[in-house]
Amino acid sequence: MNTFFRHRVDSPISATLIEYSAQSNGAGSQQGFSLLEVLIAALILAFAVAGVMRLHTGNMRETAENVQLQQAYWIVSNMYERYQKNHSLSALDETALKQQAAMVGLDSANIINDGTFVGLNWKAWDTSSRVQRGGCSVDQEFSCIQVRVK
């Protein structure tokens with residue numbers, strides 16, 4: 001049994017020694033946490049924070065991909081309406097559509113206009129997130145959307 005003494009002063013004149021025992025509150029009672037417990041808790045917290053950060057990064061990537069896809073759909077829809085109205089796309093229409101694509105951040109955008117399909121292809125934000133809709137196929141770095149007009 002570990003014992004230690006503490007000096008207690010009740011008044012400036014009297015002082016007494018009080019005996020304390022390490023087992024005075026029951027067998028093996030202690031206050032606080034050991035270093036090992038703190039390190040294990042910190043390790044668990046670090047893994048939890050890393051997991052949350054990984055989820056956040058994935059969500060940010062998917063959001064960027066969805067924004068690109070939505071902007072491309074808007075441009076292809078605009079292209080389709082112009083084609084339906086005029087039964088073709090003029091060079092001026094194609095230039096305007098390329099400018100729209102550049103304004104919304106679709107890098108290296110090209111207009112697909114072969115008389116049967118109209119569409120758009122652009123450099124993908126990430127090669128693992130390529131989109132190919134409407135039966136078009138392009139290089140591995142590019143995404144593409146096309147719509148049948150005839």
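**From Met79 outward**

Beyond its neighbours within four places in sequence, Met79 is in contact with Leu89, Leu97, Ile111, Ile112, Val118, Gly119 and Leu120. The model is predicted, and Met79 is a useful place to enter it. Met79 is among the residues with the most contacts inside the largest nonpolar core. Ile75, Leu89, Leu106, Leu120 and Trp122 share that listing. The core has 18 residues. H1 gives the largest share of it, six residues. H1, H2 and E4 each supply at least two.

Now the overall layout. The chain has two helices and six strands. Read from the N terminus, the order is β-β-α-α-β-β-β-β. Helix H1 covers residues 35-86. Helix H2 covers residues 91-103. Strand E4 takes in residues 117-123. Strand E5 is 132-133, and strand E6 is 142-148.

How much of the chain is buried? Of its 150 residues, 23% count as buried. The chain exposes about 10,900 Å². Carbon and sulfur atoms supply 56% of that area. Contacts tell another part of the story. Take those between residues at least 6 apart in sequence: 41% of them join residues at least 24 apart.

Helix H1 can be followed through several of its residues. Start with Ile44, which lies in this helix. Ile44 has a relative accessible area of 57%, over the 50% cut-off, so Ile44 is exposed. Together with Leu36 and Ile40, Ile44 makes a nonpolar surface patch. The patch comes to about 320 Å².

Gln68 is also placed in helix H1. Is Gln68 buried or exposed? Its relative accessibility is 12%, under the 20% cut-off, so Gln68 counts as buried. Which residues does Gln68 touch, apart from neighbours within four places in sequence? They are Gly105, Leu106, Trp122, Lys123, Ala124 and Trp125. Two of these names, Leu106 and Trp122, appear among the core residues with the most contacts.

Next come the charged pairs. The whole structure holds two salt bridges. In one, the side chains of Arg82 and Asp93 meet at 3.0 Å, N to O. Arg82 sits in helix H1 and Asp93 in helix H2, eleven residues apart, and the pair links distant parts of the chain. Asp93 has a relative accessible area of 11% and is therefore buried.

The other bridge joins the side chains of Glu141 and Lys123 at 3.2 Å, N to O. Glu141 lies in the loop between strand E5 and strand E6, and Lys123 lies in strand E4, so the pair ties together parts that are 18 residues apart in sequence. Both partners are intermediate in exposure. Glu141 is partly exposed, with a relative accessible area of 41%. Lys123 counts as partly exposed at 34% relative accessibility. Lys123 is also one of the contacts of Gln68.

One backbone detail remains. Where is His87? The residue is in the loop between H1 and H2. Most residues other than glycine have a negative phi. Phi of His87 is near 60 degrees, a positive value in a residue other than glycine. His87 is exposed, with a relative accessible area of 62%.

To retrace the path: H1 supplies six residues to the largest nonpolar core. Gln68, in the helix H1, is buried. Ile44, in the helix H1, is exposed. Arg82 and Asp93 join H1 to H2 through a salt bridge.

Methods:
Residues are numbered from 1 along each chain as its sequence is written. This is a predicted model: local features need pLDDT of at least 70, side-chain atom pairs count only at pLDDT 80 or more; totals for chains, interfaces and linings use all residues. Side-chain values use heavy atoms; hydrogens and water are left out. Patches are made of residues with over 30% relative accessible area and no salt bridge: like charges are joined within 9 Å, nonpolar side chains (Val, Leu, Ile, Met, Phe, Trp, Tyr) within 5 Å. Accessible areas come from the Shrake-Rupley method with a 1.4 Å probe; for residues, only the protein chains shown count as cover. A salt bridge is a side-chain nitrogen of Lys or Arg within 4 Å of a carboxyl oxygen of Asp or Glu. Helices (H or I, at least four residues) and strands (E, at least two) are DSSP runs, numbered from the N terminus. Buried means under 20% relative accessible area, exposed over 50%, partly exposed in between (1.4 Å probe, protein chains only). Contact means heavy atoms within 4.5 Å. A nonpolar core is a set of buried Ala, Val, Leu, Ile, Met, Phe, Trp, Tyr and Cys residues joined through side-chain atoms within 4.5 Å.
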